[in-house]
Amino acid sequence: MPDTVKTGESWTNWSGNQTAKPAVIHEPSTPDALKDIVKTAPGPVRVVGAGHSFTPVAATDGTLLRLDRMGLVHSVDLQTERAWVNAGARLKDLSPALEKHGLAFRNLGDINVQSLAGAISTATHGTGETLACLSAETTAFKVMTADGDLLTVSRERDRDIFEACRVSLGAIGVLVEAEIQLVDAYRLHRTTWAEPLDELLSKAMKRWQTLRNYEFFYVPFSGYGISIAHEETDAPATERAEADDDDAVLGLKRARDYAPDDIASRRQFLEQAFSNFEGEDVIGNGWQLLASERNVPFNEMEYHLPANAALDVLKEVIDYIERERPDVFFPIEVRKSAGDDIWLSPFNGEGRISIAVHAFAEDAYDFFFSDIEPIFRRAGGRPHWGKLHSLGHDELQALYPDFARFCEVRRRVDPKGRFMTPYIKSLFEPEAG
Ligand SMILES: Cc1cc2nc3c(=O)[nH]c(=O)nc-3n(C[C@H](O)[C@H](O)[C@H](O)COP(=O)(O)OP(=O)(O)OC[C@H]3O[C@@H](n4cnc5c(N)ncnc54)[C@H](O)[C@@H]3O)c2cc1C
């Protein structure tokens, strides 16, 4: 029998823009308990990780599953530097546990509270010209299909199911365990600095080519960008002041709220603030420096763009925001990731530059769809699977050469649509109604 069962509880994602009233929420602690649930609990069955997606990818009025109680690290092979872990474990718990074995994720995104499976299932990425999204670091899965079978899949075994599982939005089955490719634990030297946007843009491509991790944020109405660079080092760790990212964002909000339509004063205030900008120059563990906390809630749209078009797209987005949207104060984030060959990875076939726009959680974000998304789409962008976008089956199929293969595997392993909510159907099988 399942270990924890809750009924009558509603579910909300991190930003609060998605809610659901599942008939039942289960938190099993063994594969046998999970099997019972997958076979018999009310459908549709969805697994939720940290609920950090902005789209209804995890929402269901059937059964919501959490895998937090299924363990952490199951086994480590120091020869191959691969580990089998609970796919439902959080990245923030996995990193220190793997560090005890001298191992680390090759790269991480901005935060580390997500579950590994949630991050994999939406192609969560960090930044780095030679560093691919987390899904590309998976080498095998134990996946429970709709009929309760626990399959071990890899490139060598049931390859098509493995490829589909690497980015799947939970539509293939429940990822119970994942085998991940790790690297030797590493230390990073982190530097951050501010500079005028034109100067930053003239150097950005070179920085991606030469730095291990490089990203930047443009602060709307400031004319300034903040760069963050990480390089590997053997030097000893240094002390780090407590992070003040949340305070900085709240400062930008105060500047917006003080005189929402007085752009001239805001520009002046921000220019002044940037002339006093104190960057960081610290050394520490990779996983501790790459990910940080994000406590000011927002909604987000992120598209992954062909590298040669992305910086012009960014300028167009900035022009639009600074012309039409004085309410926007969150920085626009720009990152680059390596290409891969995963069927539903937005980085399939080539490295891409990702541009993300954010709106404070209490503010309107309809302009993402009406004004920002068309700019991204005209340039051939592919949306982040966990962030806001308006695309359905036909538009997505046109963006992914292997989309039909994914849908074919999905139909084969879950013909009755046990994992299919109306939203997931709209992506993969609209004709199923
Ligand atoms: C503050 C914040 C910062 C972020 N930073 C980044 C970033 O730097 N880079 C980036 O790329 N994205 C980022 N994201 C997006 C986030 O990484 C993705 O939305 C990710 O999917 C969230 O992981 P989660 O554990 O919350 O998954 P959820 O949102 O809970 O689920 C995502 C999908 O995975 C499926 N799923 C979860 N567990 C399983 C399982 N065991 N088996 C099968 N399917 C499963 C769910 O059903 C759902 O379809 C950020 C989001 C927020 C809110």
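Let me begin in the middle of the sheet, where β19 and β20 pair in the antiparallel sense over five bridges, two strands being counted as paired if DSSP finds at least two bridges between them. The model is a predicted one, in which local features need pLDDT of at least 70, side-chain atom pairs count only at pLDDT 80 or more, and totals for chains, interfaces and linings use all residues. Residues are numbered from 1 along each chain as its sequence is written, and side-chain values use heavy atoms, with hydrogens and water left out.

Within that β19-β20 pairing, Lys336 stands opposite Ile353 in β20. On the other strand partner, β15 (residues 213-218) runs antiparallel to β19 and is joined to it by four bridges, with Phe217 having Glu333 of β19 as its bridge partner. Strands here are DSSP runs of E with at least two residues, and helices are runs of H or I with at least four, both numbered from the N terminus.

Is β19 buried or exposed? Strand β19, residues 332-337, is mostly covered, with six of its six residues buried, where buried means under 20% relative accessible area with a 1.4 Å probe and protein chains only. Ile332, Val334 and Lys336 point one way from β19, while Glu333, Arg335 and Ser337 point the other way, and all are buried. In a regular strand the side chains alternate between the two faces of the sheet.

Stepping back, the open sheet has eight strands in the order β17-β14-β16-β15-β19-β20-β18-β21, with antiparallel pairing. β17 (281-285) and β21 (382-383) stand at the edges with a single partner strand each, so one side of each is left without a neighbour in the sheet. At the β21 edge, β18 (residues 298-306) pairs with β21 in the antiparallel sense over two bridges, and Tyr303 has Pro383 in β21 as its bridge partner.

Helix α10, residues 366-378, lies across β18 and β20 (352-360) and runs at about 20° to β18; contact means heavy atoms within 4.5 Å, and the angle, on a scale from 0 to 180 degrees, is taken between N-to-C directions of axes fitted to C-alpha atoms, for helices over the stretch in contact.

Finally, the largest cavity is lined by residues including Asn213, Glu215, His230, Leu290 and Arg335. A cavity is a set of points on a 1 Å grid over the protein atoms alone where a 1.4 Å probe fits but cannot get out, and lining residues have an atom within 4 Å of a point.

Terms used: Buried < 20%, exposed > 50% of the residue type's maximum accessible area, 1.4 Å probe, protein only. 1 Å grid on protein atoms, 1.4 Å probe; cavity = no way out; pocket = protein on both sides within 12 Å on 5 of 7 lines; lining within 4 Å.
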